[in-house]
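The report that follows describes how one chain is arranged, going from its domains to its core, its sheets and some local backbone features. The sequence and structure come before the text.

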Amino acid sequence: MRRKGERDLVKCYKWQGKQYWADERFIYVEEKGELRKLALFEEHYYKLRMWKGVPILEIDGLRMHLINAFSGPLCYAKEVAERLGAKGGKALDICAGLGYITGELIKRGCETTAIEKSQAVVALAKHNPYSKWLFESKLVVGDAYEVLPTLKQKFDWIVHDPPRISHAPLLYSRNFYRMIKKCAKSGARIYHYVGSVGKRKGREIWKEVKKRLESCGFLDIEYEERLQGLFFTAP
Ligand SMILES: C[S@@+](CC[C@H](N)C(=O)[O-])C[C@H]1O[C@@H](n2cnc3c(N)ncnc32)[C@H](O)[C@@H]1O
């Protein structure tokens, strides 16, 4: 146990020779006896904090992982990859974040390309042992909207795990879905997190997204409520 200001800190993990500490709001890295908060400002405010023994990412105070219905932050990633049926071949993880889904795809033998827009997220991921897979993928740091048209290969498995629609509307647009289609092999299986913003007011984003995907020619579109996402097939 250690104290920082008014807070009690607990050791959370050791990684690449450094000790990491946490309180309920932040993770800190110990460097030369000093504690540095794992939080960065780069247009948005990015930070890591611990949840059930594993770091999670927050952007502008919004959690980037579904955790409530799961026993830990890695469980969602595992279920997505399992339900997708990923096994060997080429995989694309769009909006890779801390790389938890990237890791699951790599563990299933997929040669995985990961796209993450934020340098800040990548910098934070370097302090996270559970993100090691991100750096074992072909990581492209850039806006998926610009990166997708430049990709030369086609993929058997695609995961698209964007921030909620209100924060990244372009990543839920028909134009973007056409880009995904161009990157997908015929018959490729795809997962798209859609979230549940506005659910209490009766909004059902998954239905709106399903219509857009159908109009782009995607097939077998099924909503998985537990994961708050859609599984479908490329034509
Ligand atoms: C919900 S999180 C992804 C969580 C990830 N699946 C994981 O395992 O950690 C969404 C991520 O998308 C990134 N992002 C937002 N806009 C993007 C864009 N236009 N292109 C690529 N990544 C983007 C954010 O920086 C964030 O890391």
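The centres of domain 1 and domain 2, taken over C-alpha atoms, are separated by 26 Å. The model is a predicted one. In the domain assignment of the chain, domain 1 covers 2-63 and domain 2 covers 73-233.

**Contact between the domains**

Contact between the two parts involves 16 residues of domain 1 and 15 residues of domain 2. On the side of domain 1 that touches domain 2, the elements giving two or more residues are strands E2 (7-15), E6 (39-42), E7 (44-51) and E8 (54-59). Strand E8 provides the largest share of that side, with 5 residues. Sorted by class, the side of domain 1 that touches domain 2 holds 14 nonpolar and 2 charged residues, and no polar ones.

**The nonpolar core**

The largest nonpolar core has 67 residues, and within it Trp157 and Ile158 touch the most other members. Helix H1 (residues 73-84) gives the largest share of this core, 6 residues. Domain 1 (2-63) and domain 2 (73-233) each supply at least three residues to this core.

What does Ile158 contact, leaving aside its neighbours within four places in sequence? The contacts of Ile158 on that basis are Leu92, Ile94, Ile180, Cys183, Ala184, Ala188 and Ile190. Ile190 also appears in the strand pairing, as the bridge partner of Ile158 in E14. The two strands concerned, E13 (residues 155-160) and E14 (residues 184-193), are paired in the parallel sense over 5 bridges.

**The sheet of seven strands**

Strands E13 and E14 belong to an open sheet of 7 strands with mixed pairing, in the order E12-E11-E10-E13-E14-E16-E15. At its edges stand strand E12 (138-141) and strand E15 (219-224); each has a single partner strand, so one side of each lacks a neighbour in the sheet. From one strand to the next, the twist averages 15°.

**The sheet of four strands**

A second open sheet has 4 strands in the order E6-E7-E8-E9, and its pairing is antiparallel. Its edge strands are E6 and E9, each with a single partner strand, so one side of each is left without a neighbour in the sheet. Two of its pairings are set out below.

| Strand pair | Sense | Bridges | A residue and its partner |
|---|---|---|---|
| E7 and E8 | antiparallel | 6 bridges | Leu48 and Leu57 in E8 |
| E8 and E9 (residues 62-63) | antiparallel | 2 bridges | Glu58 and Arg63 in E9 |

Both pairs also form hairpins. Between E7 and E8 there are 2 residues, and Lys52 in the turn has a positive phi of about 50°. The hairpin of E8 and E9 likewise has 2 residues between its strands, and here Asp60 takes a positive phi near 50°.

**A largely enclosed helix**

Why is helix H2 (residues 100-107) described as largely enclosed by the rest of the structure? The reason is that 7 of its 8 residues are buried. The buried residues of H2 are Tyr100, Ile101, Thr102, Gly103, Glu104, Leu105 and Ile106. Among the elements covering the buried residues of H2 are helix H1, strand E10 (90-94), strand E11 (111-116) and strand E13. Just after H2, Gly109 has a positive phi of about 80°.

**Positive phi at two lysines**

Lys32 is not a glycine, yet has a positive phi of about 50°. Lys32 lies in the loop between strand E4 (27-31) and strand E5 (34-37). Is Lys32 buried or exposed? Lys32 has 5 C-beta neighbours inside 10 Å and therefore counts as exposed.

Lys52, also not a glycine, has a positive phi of about 50°. The loop that holds Lys52 is the one between E7 and E8. Lys52 has 12 C-beta neighbours inside 10 Å; the cut-off for an exposed residue is 12 or fewer, so Lys52 counts as exposed.

Key. Residues numbered from 1 in each chain as written. Predicted model: local features only at pLDDT ≥ 70, side-chain atom pairs only at ≥ 80, totals over all residues. Pairing = 2+ DSSP bridges. Axes fitted to C-alpha atoms, helices over the stretch in contact; angles between N-to-C directions. Domains from an automatic or database assignment. Contact = placed C-beta atoms within 7 Å. Nonpolar A, V, L, I, M, F, W, Y, C, P; charged D, E, K, R; others polar. Core = buried A, V, L, I, M, F, W, Y, C linked by C-beta atoms within 7 Å. Buried ≥ 20, exposed ≤ 12 C-beta atoms within 10 Å, placed from the backbone.
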